[in-house]
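Colleague: I am new to reading models like this one, and I would like to know how each label is earned. Could we go through it together, one term at a time?

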Amino acid sequence: MTIISSITTISLPEQFNATMAFLDQNIAAGRGAKTAIYYEGQTYTYAQMAEMANRVGNSLRALGVDMEQRVALLLLDSPQLAATFFGAIKVGAVPIPINTMLRADSYEYMLNDSRAKVLCIHASLLHLIRPIQSQLKYVRHIVVVGLEGQTSEQGTMQWHDFERWMQRGAPDLVAAETCKDDSAFWLYSSGSTGFPKGCVHLQHDMTYCTEYYAKPYLNLTPDDILFSTSKLFFAYGLGNGLYFPFAVGASSVLYPGRTTPEHIFQVVAQYRPTIFFGVPTLYTSMLALPDAEKRFDFSSVRLCVSAGEALPADILRRWQEKFHVDILDGIGSTEILHIFISNMPGEIRPGSTGKVVPGYEARIVNEQGKPVEQGAIGSLMIRGESTAACYWNKHQRSKDVIQGHWILTGDTYYQDVDGYFWYCGRTDDMLKVKGQWVSPAEVEGALVAHPSVLEAAIVGVKDENDLMQPRAYVVLQDGVAPSEELVSELKDFLKLRLPSYKCPQDIIFLPELPKTATGKIQRFVLRDSLVF
C-alpha cells in the first residue's frame, strides 16, 4: 500500500542559497530589530545575527575555506553556533554540527571522514579534542568560543579566539552563487552500530521541511517563541531551534545546559515560549517531577511536539491532564531531516504517529519490498524532497537505504483504516513469537499505563526450547519498590490488555534504561547485556 499525500508545490530558483530564506529575508522584511535568539539572559536581534553570520563567512574565507569545503561545529547551543552555521552556508562552505556528547574516537573519525579544514569548538569541549589532535589529518584551524583571548596552544594547527577572529571579518557579505541542489550542510546519523554516517543535505532541504511541516502543523507566526530541548546538532533540534523560527521571523530560546526536568521548567518560566519540543523520555521525566504543574508556570506554551520514539498514549493523557496542552507526536530522521508523519492539532490519535505530512509519500513493505495489506506490519519507506542526497563516502550503504526516490527508514509500522500510522519498533527490534509479530512499542506502551511504571523496554530472549519470548525491563516511579508481588501485578495488568503471546514472561527491574543522546532506548544494549 502506498499513501500519497496531497503535494505542496514549492518553487525555488535554480540559483539559491539557504541563507536567503532563513537569514536575509528577515532583514528585507524589516525585522532587523526583532529578537531572533534568547540566550543566557541576553537577546540577539535578526540584524545582529545577520551581521555575525556575515563576519563569520568572511572570516572563514580569510582562512582559505572555499566552496564545498567542510567546517565542523562542535559547539553548545548558542548564537555562535547559529552564526557559524549560516555564515558557512552563505559562502558556499558546508557546516557540520556535531554531537557534543560523544567520545574522542568518534570525533577523530568524523573530523577525518569529513576532511573538515576548520573546527569551531567551545572551550569547555577542548579536553575531548586534545588527546586526538595529532591524529587529525585535515584540520588546519581551530576556532574556540569562550577562549577569552588565550591562544597559547602549540602545534601545526592555528588557534583562534572566536570573538576576535569573527570581528576581523567584514559585516557585509553577498551570498555565494550556489544552486538549490548544492550541498548545504551535513549531519552525522547516530547509528546503533559502527561509526555514524554523514548525511549530505542540500540547499533546498530546510525549505521543504519548513513548508511541508513547520508552517502548516505548528501555525508559526513572528510572535511565536520556540524552545527545543533537543540540541541543534540533532536534525530534530536544528529545525525546532533554528531554521523553523528563522523562516517566519519568530524567536528561539537556545539553552546550552543539561536537559533535566527542573532546568527545563525553569527555562520555560523564564522565557515564556509558545511552542515546546521534547522527546518521550523527557516528557515522562517531567511528569515524574513532584508537583511540577504547581511549582512551574507552563501556561505560555500553546503546543508541544514529540519525536524520537513513539509517544505512549498514557503519557499524552497524563500530560494533557497536568499541563492542559496537546503534544503532537511525529516521526522524522536525520536522513529526511525532520518530521514526515505526524498528528495534527485537533486530529490527535493517542498512541499513533499520525498521518503522512502533505508533500511526502509513504509505503509499508514486506521483506521482499512489496506493499503489504492495510493493517499488516511492514517496513516503512518514505519519499520526499528533504531526503539527504547520500551518505558521504558510503556508496553501498547509500544504495541500500536510498532506493531511487524512496528511502528505507528502518522503522516498522502498520496503518489503520483511517490512515493513521502506528509505530511497532525498529526493524531489528521486532520479535516473532509463536509465528506472530510482536511490537516492542505496543507492549511498552501497555506497561507504561500502569501507575507504578515510569519507563519500559521490551527485547527478545530465547527460552529453554530456543524459542523467542518477550522480556520486559522496567524502571519504576520514584517511591515504588521492586517486588515479586509487583511482578505478578504487572503480568496480570498486561493480560487484560494484550494477547497472551505478547505478554512478557520475565520482568526485570532496572534503575534506568540505556539510551542514545536523543533519548531513544537502546534495546540492543539490553539484548546483548548480561542483565537477567
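**Cysteines**

Modeller: Let's start simply: there are zero disulfides in this structure. The model is predicted, so local features need pLDDT of at least 70 and side-chain atom pairs count only at pLDDT 80 or more, while totals for chains, interfaces and linings use all residues. Residues are numbered from 1 along each chain as its sequence is written, and side-chain values use heavy atoms, with hydrogens and water left out.

Colleague: How do you know that Cys209 is in no disulfide?

Modeller: A disulfide is a covalent bond between the sulfur atoms of two cysteines. The test here is a pair of cysteine sulfur atoms within 2.5 Å. For Cys209 the nearest cysteine sulfur is that of Cys199, 12 Å away, so by the 2.5 Å test there is no bond.

Colleague: What rules out a bond for Cys503?

Modeller: The closest cysteine sulfur, in Cys424, lies 16 Å from that of Cys503, which is too far.

Colleague: Are Cys209 and Cys503 buried or exposed?

Modeller: Buried means under 20% relative accessible area, exposed means over 50%, and partly exposed is in between (1.4 Å probe, protein chains only). Cys209 has 1%, so it is buried. Cys503, at 6%, is buried too.

**The parallel sheet**

Colleague: What makes β4 and β5 a pair?

Modeller: Strands (E, at least two residues) and helices (H or I, at least four) are DSSP runs, numbered from the N terminus. Two strands pair if DSSP finds at least two bridges between them. Strand β4, residues 70-74, has four bridges to β5, in the parallel sense, so the requirement of at least two is met. Arg70, for instance, stands opposite Val94 in β5.

Colleague: Which strands make up the sheet that these two belong to?

Modeller: Five strands, in the order β5-β4-β6-β7-β8, form an open sheet with parallel pairing. Its edges are β5 (94-97) and β8 (158-161), each pairing on one side only.

Colleague: And what joins β6 to its two neighbours?

Modeller: Four bridges link β4 and β6 in the parallel sense, with Val71 opposite Val118. Five bridges join β6 to β7, also parallel, and there Ile121 faces Val144.

Colleague: Why is β6 called largely enclosed?

Modeller: Four of its five residues are buried, so the rest of the structure largely encloses β6.

**A helix on the sheet**

Colleague: How do you know where helix α3 lies?

Modeller: Contacts tell us: contact means heavy atoms within 4.5 Å. Helix α3 (residues 79-90) lies across β4, β5, β6 (118-122) and β7 (141-145), and runs at about 150° to β5. The angle is taken between N-to-C directions, from 0 to 180 degrees, using lines fitted to C-alpha atoms, for helices over the stretch in contact.

Colleague: Why does Thr84, in that helix, count as buried?

Modeller: Its relative accessibility is 0%, so Thr84 counts as buried. Leaving aside neighbours within four places in sequence, Thr84 is in contact with Val56, Leu73, Leu75, Cys120 and Phe162.

Colleague: What makes the link between Thr84 and Gln80 a polar contact?

Modeller: A polar contact is a pair of N or O atoms within 3.5 Å; within protein, one must be able to donate a hydrogen and the other to accept it, and residues adjacent in sequence count only if both atoms are side-chain atoms. The side chain of Thr84 reaches the backbone oxygen of Gln80 at 2.7 Å, so the distance falls within the 3.5 Å limit.

Colleague: And why is Val145, in strand β7, called buried?

Modeller: Val145 has 9% relative accessibility, so it is buried. Beyond residues up to four places away in sequence, it touches Leu75, Gln80, Ile121, His122, Ala123 and Phe162.

**Nonpolar cores**

Colleague: What makes a group of residues a nonpolar core?

Modeller: It is a set of buried Ala, Val, Leu, Ile, Met, Phe, Trp, Tyr and Cys residues joined through side-chain atoms within 4.5 Å. The largest one here has 144 residues, of which Leu218, Phe246, Phe276, Phe298 and Trp319 touch the most other members. Helix α8 (residues 235-248) gives the most to this core, with nine residues. A second, separate core of 28 residues includes Leu111, Ile132, Leu136 and Tyr188.
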